Amino acid sequence: MFPTTLSSEPVLPSSSPHKTHWGWWVLAVLGLLAVGVTIALQFLDPWLRRKLEQQVTTASHGRYQLRIGELHTSLRSRTLTLRHIRMRTAVTPSPDSAQLPRVRLAVGRLDVAGVGLLALLRRGVVPLDSLVLDSVALQLAALPKTGGGKALHEQLPVEGVRLGQVQLRHVRATYGPAKQPIIRLGQGRLSAQDVLLSAAGAADAQRIGYAAAVAGMLQGLAVQVPGHHVKLLRGAFASSQQRLTIDSLVVHPNRPINNQREKTTRISLVLPRLLLTGLNAAQLARKHLRADTLRLTASRLALTVPTVKPPSLHVLLAPYLQECRLKRLEVSGGTLRIAGIKQAPAAGGMRAVATNIQVLPREAARTAIYYAEA
């Protein structure tokens, strides 16, 4: 027999070269993916900027040209920022886009935050935390024709969009011919809460358009109406408070008021303060005006009696309102002068109160005096 030698030291298993090679291969793939994603993100912003510019040109059939100065995205924070946005009407548009109005738009900055990327990929209702446009200047030659067009939510490439907050800041705008605009806005701002751009949002009778609540302010508004100039120093509205305030509204006729009568009424009005409370904005968006109290303070009104009897108030409002109800009207500290008739009556220090006003034809309204119950 041959002697057998036994070793007391344990035998260690040798490391597998396959496992070592596998680990290094995984690390290499992850490294390449990281480099690829980094490079792709560097090209994402320029690609997205060109895509947005091309989309505006395509959708308008060459009528409008969009230029974006800067565009930055952050997938980590789910934000999108655009700066120095310019849109203008092309000099030689295509014939099939001639019906679109001339537009010049400039936006200093646009910020989108909290984009729901997963819902965006699934083309569902995409949530957004906020959308803010700052320093907006708009020149609009005419209103676009909307007859027979699709609703806004029907034009989206996804099922819908839900925005927690929308803000427009430092807005300036003109409407009409560039040299003599019909409307000129010195400055304004608008905010909307919980905006649901979808079929459900459009059908919700409690929403104002698509928004759960809106608020806005106008300063330096000038409007040209037939035969008159209208100027507003400041106006503000908040649907959550159901409150509308107007400060320093002035209406002047094109020619001074005298005792000469004409076919139409000429009006001169100075209204330092108007306050409307209890206004239901959601119903107003559906042509139903319902409010609690309208207060006019220290108004000065002068008017001419026309040679042709003007239409009744309910006839004038019919194309715009299906219903017009006001619980109370108060006029305090007012003056009134009527020209165009021999008597030329005038009154000062006036105070008037009307209750339960409903603008309806006389045969359909249960009113005692004009449109009021009392």
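In which strand is the place of Ser135? Select that residue to begin the tour, and keep in mind throughout that the model is predicted. Ser135 has its place in strand β4, and although Ser135 is not a glycine, its phi is positive, at about 60°. With 40% relative accessibility, Ser135 counts as partly exposed.

**The whole chain**

Zoom out next and colour the chain by secondary structure, which should bring up 5 helices and 14 strands. Of the 374 residues in the chain, 30% are buried, and the accessible surface comes to about 24500 Å², with 61% of that area belonging to carbon and sulfur atoms. Among the contacts in the chain with a separation of 6 or more, 58% are between residues 24 or more positions apart.

**The nonpolar core**

Now select Leu82, Val112, Leu128, Leu163, Val195, Leu274 and Leu276, which are the residues with the most contacts inside the largest nonpolar core, a set of 61 residues. Strand β4, covering residues 125–140, gives the most to this core, with 6 residues. In soluble globular proteins, nonpolar side chains tend to be buried together.

Keep Leu274 selected and show what surrounds it: once neighbours within four places in sequence are left aside, Leu274 is in contact with Leu244, Thr245, Ile246, Leu294, Arg295 and Leu296.

**Strands β1, β2 and β3**

Move on to residues 64–74, which form strand β1, and residues 79–89, which form strand β2; these two strands pair in the antiparallel sense over 10 bridges. A useful pair to label is Thr73 and Leu80, since Thr73 stands opposite Leu80 in β2. Follow the chain through the hairpin of β1 and β2, where 4 residues lie between the strands and Arg78 takes a positive phi near 55°.

On the other pairing of β2, look for strand β3 (residues 103–113), which runs antiparallel to β2 and is joined to it by 9 bridges. Here the residue to select is Arg86, whose bridge partner in β3 is Ala106.

Return to β1 and β2 with side chains displayed, and select Glu70 and Arg83, whose side chains meet in a salt bridge with an N to O distance of 3.5 Å. Because Glu70 lies in strand β1 and Arg83 in strand β2, the pair ties together parts that are 13 residues apart in sequence. Glu70 is partly exposed, at a relative accessible area of 30%, and Arg83 is likewise partly exposed, at 25%.

**Other charged pairs**

The structure holds 13 salt bridges, and a few others deserve a stop. Side chains of opposite charge can pair when their charged atoms come close.

Select Glu262 and Arg266, whose side chains meet in a salt bridge at 3.6 Å, N to O; Arg266 counts as buried, with 5% relative accessibility. Then go to Glu323 and Arg325, which form a salt bridge whose closest N and O atoms are 2.9 Å apart. What is the relative accessible area of Glu323, and is this residue buried or exposed? Glu323 is buried, with a value of 11%, whereas Arg325 is partly exposed, with a relative accessible area of 39%.

For a group rather than a pair, select Arg162, Asp194, Asp204 and Arg207 together, which are linked in a network of salt bridges.

**Two histidines**

Select His153, found in the loop between β4 and β5. His153 counts as buried, because its relative accessibility of 13% falls under the 20% cut-off. Not counting residues up to four places away in sequence, His153 touches Leu197, Ser198, Ala199, Ala202 and Tyr210.

Then select His170, which lies in strand β5 and has a positive phi, near 50°, in a residue other than glycine. His170 is partly exposed, with a relative accessible area of 44%.

**A nonpolar patch on the surface**

For the last stop, switch on the surface and select Leu313, Leu316, Ile369 and Tyr370, which make a nonpolar surface patch of about 400 Å². Leu316 lies in helix α5, residues 313–317, and is partly exposed, with a relative accessible area of 45%.

How values were computed:
Residues are numbered from 1 along each chain as its sequence is written. This is a predicted model: local features need pLDDT of at least 70, side-chain atom pairs count only at pLDDT 80 or more; totals for chains, interfaces and linings use all residues. Side-chain values use heavy atoms; hydrogens and water are left out. A nonpolar core is a set of buried Ala, Val, Leu, Ile, Met, Phe, Trp, Tyr and Cys residues joined through side-chain atoms within 4.5 Å. Buried means under 20% relative accessible area, exposed over 50%, partly exposed in between (1.4 Å probe, protein chains only). Contact means heavy atoms within 4.5 Å. Two strands pair if DSSP finds at least two bridges between them. Patches are made of residues with over 30% relative accessible area and no salt bridge: like charges are joined within 9 Å, nonpolar side chains (Val, Leu, Ile, Met, Phe, Trp, Tyr) within 5 Å. Accessible areas come from the Shrake-Rupley method with a 1.4 Å probe; for residues, only the protein chains shown count as cover. A salt bridge is a side-chain nitrogen of Lys or Arg within 4 Å of a carboxyl oxygen of Asp or Glu.
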